[in-house]
Amino acid sequence: MRVVWQLVAVAAVSFLGGQGLAAVQDSNPWLELAIGALTAVLALFVYGWVVGRTEHRTVTEVELSGAGAAFRRGTLIGVGVFGAVVANFAANGYYHVDGAGSAQGAAGLLGFMAAAAVTEELLFRGVLFRIIEEHTGTWISMALTGVLFGAYHLANPDASLWGAVAIVFEAGGMLTAAYIATRKLWVPIGLHFGWNFAAAGIFSTEVSGNGSTRGLLESTTSGPKLLTGGEFGPEGSVWAILFCVLTAAVFLRLAHKRGTIVPRRRADRVAGRAGAAVTLSR
């Protein structure tokens with residue numbers, strides 16, 4: 001039942017925050033920034049509380065020690081990887097800067113993307129990946145939650161099956177690998193936030209089929225859908241998949257060196273001990 005309680009608790013915060021953001025979107029960017037930041041902070045608090053209560057442990061994956069540095073590191077990587085994708089577009093004539101965009105629009109997107117990054121990482125990496133991994137090991141859990149994360153984006157207005165498949169490799173691979181390597185949620189949260197904010201708040205491109213955005217740059221993206229992602233945005237580009245898979249490979253190599261990859265046999269033992277602990281606690 002712990003997975004249900006944890007998902008419901010974080011999803012409730014995500015839903016309420018999403019409703020608040022929808023109510024002020026495109027009308028008051030500063031209020032959007034405030035609501036997004038509040039949603040992110042509240043989601044982290046609720047996650048720490050519900051996991052601590054249902055698992056009777058210190059919730060180390062969101063502990064504050066070193067959180068700021070890890071979040072900044074993840075954000076810089078996210079911005080850098082997305083910047084590499086856009087630079088590739090520009091070099092091939094697919095991305096053009098038409099002028100300055102909107103600083104206020106970027107501020108609103110800052111809040112929106114903070115809320116999205118935190119709540120999605122808590123749900124998919126903090127709850128689903130972590131708990132499934134206890135029973136299946138790292139690789140199966142990574143594949144399963146990656147597919148779930150891709151399917152989750154099919155609900156977006158301009159979603160496509162190809163875009164969802166791309167998300168499986170990009171977010172399901174890169175973000176999960178960041179968690180596996182660090183066993184903390186701060187780097188994947190920063191990575192997720194940096195990627196999304198770069199896409200919307202800096203380069204003003206579509207994000208996961210959610211329509212156009214207006215960030216710091218006024219821009220135009222055109223070209224073959226396979227290379228640019230079309231209406232789904234750059235995340236549907238084969239270049240984005242390539243750069244994210246390479247980044248994931250770096251994190252997984254680091255995880256291998258650190259011994260943080262859980263094999264199937266060890267996962268079975270961990271799950272067995274967890275079941276025994278629950279039985280004894282009753």
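Which residue with a positive phi follows α7? I looked this up before anything else, in what is a predicted model. The residue is S204, with phi near 55°.

**Entry: S204 and the end of α7**

I placed S204 in the loop between α7 and β2 (217-221). Its phi is positive although S204 is a residue other than glycine. I kept in mind that most residues other than glycine have a negative phi. I then checked exposure: S204 has 10% relative accessibility and therefore counts as buried, the cut-off being under 20%.

I went back to α7 (186-202) itself. Of its 17 residues, 16 are buried, so α7 is largely enclosed by the rest of the structure.

**Entry: H192**

I took H192 as a sample residue of α7. H192 counts as buried because its relative accessibility is 6%. I listed its contacts, leaving aside neighbours within four places in sequence: A116, A117, E120, E121, F149 and L175. F149 is also on my list of buried residues of α5, which is why I turned to that helix next.

**Entry: α5**

I read α5 as residues 138-152, 15 residues in all. From first C-alpha to last it reaches 21 Å, close to the 21 Å expected at 1.5 Å a residue. The buried residues are T138, S141, M142, T145, G146, F149 and G150. Down the axis of α5 these fall within an arc of 160°, so they line one face of the helix. I noted the general background: an α-helix has 3.6 residues a turn, so residues three or four places apart point the same way.

What does the buried set of α5 pack against? I found four helices named: α4 (103-136), α6 (161-182), α7 (186-202) and α9 (238-258).

**Entry: α1**

I did the same for α1, which runs over residues 2-24. It has 23 residues and reaches 34 Å from its first C-alpha to its last, close to the 33 Å expected. Buried in α1 are Q6, A9, V10, V13, G17, G20, L21 and V24. The cover over these residues includes α2 and α4. Just after α1, I found another positive phi, about 70°, at D26.

**Entry: the largest pocket**

How much space lies in the largest pocket? I noted about 1000 Å³. Its lining is made up of 46 residues. Nearest the centre of the pocket are Q25, F112, M113, A116 and N210. A116 I had already written down as a contact of H192.

I sorted the lining by helix. Each of α1, α2 (29-55), α4, α5, α6 and α7 supplies at least two residues. The largest share is from α4, with nine residues. By type, I recorded 20 nonpolar, 20 polar and six charged residues in the lining.

**Entry: H56**

I looked up a further residue with a positive phi. H56 has a phi of about 55° and is not a glycine. It sits in the loop between α2 and α3 (67-91). Is H56 buried or exposed? At 67% relative accessibility H56 counts as exposed, the cut-off being over 50%. S204, by contrast, counts as buried.

**Entry: G48**

Also in α2 I looked up G48. With a relative accessible area of 22%, G48 is partly exposed. Apart from neighbours within four places in sequence, G48 is in contact with V59 and V62. I also took a C-alpha distance from G48 to T221: 40 Å in space, with the two positions 173 residues apart in sequence numbering.

**Entry: Y95**

I found Y95 in strand β1 (residues 95-100). Y95 is buried, with a relative accessible area of 7%. Which residues does Y95 touch, not counting those up to four places away in sequence? My list reads V86, F89, A90, F203, T205, L217, S219, T220 and T221. From Y95 to V187, 92 residues apart along the chain, the C-alpha atoms are separated by 28 Å.

**Entry: P263**

Last, I looked up P263, in the loop between α9 and α10 (264-281). At 43% relative accessibility, P263 counts as partly exposed. P263 and L252 are 11 residues apart in sequence, and their C-alpha atoms are 14 Å apart in space.

Notes:
Residues numbered from 1 in each chain as written. Predicted model: local features only at pLDDT ≥ 70, side-chain atom pairs only at ≥ 80, totals over all residues. Heavy atoms only, no water. Expected span 1.5 Å × (residues − 1). Buried < 20%, exposed > 50% of the residue type's maximum accessible area, 1.4 Å probe, protein only. Arc of directions from axis to C-beta. Contact = heavy atoms within 4.5 Å. 1 Å grid on protein atoms, 1.4 Å probe; cavity = no way out; pocket = protein on both sides within 12 Å on 5 of 7 lines; lining within 4 Å. Points joined across faces, edges and corners; volume = space filled by probe spheres on them. Nonpolar A, V, L, I, M, F, W, Y, C, P; charged D, E, K, R; others polar.
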